[in-house]
Amino acid sequence: MRQDAEWMCQLDERILEHLDDDTWSTARLMSQHFRSTCSVNGIENRCATLADAGLVAPVRDGSSMFEITTIGRLYLKGEIDADLRQPTPAPRPPHAVRPGWYA
C-alpha cells in the first residue's frame, strides 16, 4: 500500500504511474495521455515538485523531459513513505537574494 504525503495530489500518482510505464515523457505528452482538465503548466509544476522530492528527475539538466527515479519506483511499490521525501525548493540565485544589510 502506497504511503502518500499531504503535499501530494492525485495528479502526482498519475504522473508517477505514467513515467513508470514509459521511459520518459514531457508535460505536453502527459496532458494528451491523461485527457483531463489539467493544463500542461499544471503538470509541469507537479513534475517540478516531484523532482524537488526526488521522485522524478529531468532527463538532462534544463530539459522538459522527465523520468521516474529509483525512489519514485520504490514509492509506487509502497516501500517508501512519501512524507519522508519532502520537496526541497532550489536555493535562490545570487541576484535574487537580499543583501545582509537589508535585514
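In this predicted model, helices H1 and H4 lie roughly perpendicular to each other. Helix H1 covers residues 10–21 and helix H4 covers residues 70–77, and the two pack at an angle of about 110°. That angle falls in the range of 65 to 115 degrees, which is why the pair counts as roughly perpendicular. The axes of the two helices are 10 Å apart, and their crossing is left-handed.

Which residues of H1 and H4 meet where the helices pack? From H1 come Glu-13, Leu-16, Glu-17 and Asp-20, while H4 brings Arg-73, Tyr-75 and Leu-76. Sorted by class, this contact holds 3 nonpolar and 4 charged residues, with no polar ones.

Two of the H1 residues just named, Glu-13 and Glu-17, turn up again when charged partners are considered. Across the whole structure, a search finds 4 salt bridges. One of them joins Arg-2 to Glu-13, with the closest N and O atoms 2.6 Å apart. Arg-2 sits in the segment before H1 and Glu-13 in H1 itself, so this salt bridge ties together parts that are 11 residues apart in sequence. How do the two partners compare in burial, buried or partly exposed? Arg-2 is partly exposed, with a relative accessible area of 31%, whereas Glu-13 has 16% relative accessibility and counts as buried. The reason is that the cut-off for buried is under 20%.

Arg-2 has a further partner in H1: its side chain also meets that of Glu-17 in a salt bridge, at 2.7 Å from N to O. Because Glu-17 lies in helix H1 and Arg-2 in the segment before it, this pair ties together parts 15 residues apart in sequence. Glu-17 is partly exposed, at 35% relative accessibility.

A salt bridge also connects H1 to another helix. Here the side chains of Arg-46 and Asp-12 meet, again with a distance of 2.7 Å from N to O. Arg-46 belongs to helix H3 (residues 40–52) and Asp-12 to helix H1, so the pair links distant parts of the chain, 34 residues apart. Both partners are buried: Arg-46 has a relative accessible area of 18%, and Asp-12 has a relative accessibility of 0%.

Finally, how do the salt bridges that share partners fit together? They join Arg-2, Glu-13 and Glu-17 into one network. Within this network, Arg-2 is the partner of Glu-13 and also of Glu-17.

Methods:
Residues are numbered from 1 along each chain as its sequence is written. This is a predicted model: local features need pLDDT of at least 70, side-chain atom pairs count only at pLDDT 80 or more; totals for chains, interfaces and linings use all residues. Side-chain values use heavy atoms; hydrogens and water are left out. Axes are lines fitted to C-alpha atoms, for helices over the stretch in contact, and angles run from 0 to 180 degrees between N-to-C directions. Helices (H or I, at least four residues) and strands (E, at least two) are DSSP runs, numbered from the N terminus. Angles under 35 degrees count as roughly parallel, over 145 as roughly antiparallel, 65 to 115 as roughly perpendicular and the rest as oblique. A crossing is left-handed if the near helix is turned anticlockwise from the far one by less than a right angle, and right-handed if clockwise. Contact means heavy atoms within 4.5 Å. Ala, Val, Leu, Ile, Met, Phe, Trp, Tyr, Cys and Pro count as nonpolar, Asp, Glu, Lys and Arg as charged, and the others, Gly among them, as polar. Buried means under 20% relative accessible area, exposed over 50%, partly exposed in between (1.4 Å probe, protein chains only).
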